[in-house]
Amino acid sequence: MPPDIVALHASIAAHRYLFTAHASDRAVARGIASHEVEEAILNGEVIEDYPEDKNGPSCLIFGITKGGRALHIQVSYPPEVKVITVYEPSPDEWDESLRIRQ
């Protein structure tokens with residue numbers, strides 16, 4: 001079952017979420033700021049659902065930051081929202097919309 005996007009957005013807007021160590025490491029290595037993650041989630045859409053993920057139920061969100069940066073963010077479902085990973089999608093792995101795996 002996909003996440004309650006309203007609850008997810010509320011958690012992000014209220015800064016009630018955590019970065020996993022993996023996500024934090026990836027964000028730093030890729031130069032992705034936490035405000036960019038927030039912007040992309042709040043303006044984004046769920047493109048994949050992972051109800052059986054090893055980290056617990058989660059989804060992949062595609063969003064664009066205010067600066068125009070396309071990001072993919074894997075987040076766990078509310079009520080305990082965690083950013084699991086974040087990256088800029090590669091055109092080699094995703095279609096031109098960056099929403100569908102090739």
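Here is a short chat about how some labels in this predicted model were reached.

Colleague: Why is E36 called buried?
Modeller: Its relative accessible area is 13%, and buried means under 20%, so E36 counts as buried.

Colleague: What makes the link between E36 and A33 a polar contact?
Modeller: The side chain of E36 reaches the backbone nitrogen of A33 at 2.9 Å. The cut-off is within 3.5 Å, so that pair qualifies. E36 itself lies in helix α3, residues 34-42, and also touches G31, T65, R69 and L71, leaving aside residues up to four places away in sequence.

Colleague: How do you know that β2 and β3 pair?
Modeller: Pairing needs at least two bridges, and five join β2 to β3, so they pair. They run antiparallel, and E45 stands opposite F62 in β3.

Colleague: What makes β1 and β2 the edge strands?
Modeller: Five strands form an open sheet in the order β1-β5-β4-β3-β2. β1 (17-19) and β2 (45-50) each pair on one side only. As for the helices, α3 lies across β1, β3, β4 and β5, at about 85 degrees to β4.

Colleague: Which residues touch the most other members of the largest nonpolar core?
Modeller: Of its 18 residues, those are L8, V37, I41, I73, V75, V83 and V86. Elements giving two or more residues to this core include α1 (5-13), α2 (21-30) and β5 (81-87). There's also a second, separate core of seven residues, with I47, Y87, W94 and L98 among them.

Terms used
Residues are numbered from 1 along each chain as its sequence is written. This is a predicted model: local features need pLDDT of at least 70, side-chain atom pairs count only at pLDDT 80 or more; totals for chains, interfaces and linings use all residues. Side-chain values use heavy atoms; hydrogens and water are left out. Helices (H or I, at least four residues) and strands (E, at least two) are DSSP runs, numbered from the N terminus. Buried means under 20% relative accessible area, exposed over 50%, partly exposed in between (1.4 Å probe, protein chains only). A polar contact is a pair of N or O atoms within 3.5 Å; within protein, one must be able to donate a hydrogen and the other to accept it, and residues adjacent in sequence count only if both atoms are side-chain atoms. Contact means heavy atoms within 4.5 Å. A nonpolar core is a set of buried Ala, Val, Leu, Ile, Met, Phe, Trp, Tyr and Cys residues joined through side-chain atoms within 4.5 Å. Axes are lines fitted to C-alpha atoms, for helices over the stretch in contact, and angles run from 0 to 180 degrees between N-to-C directions.
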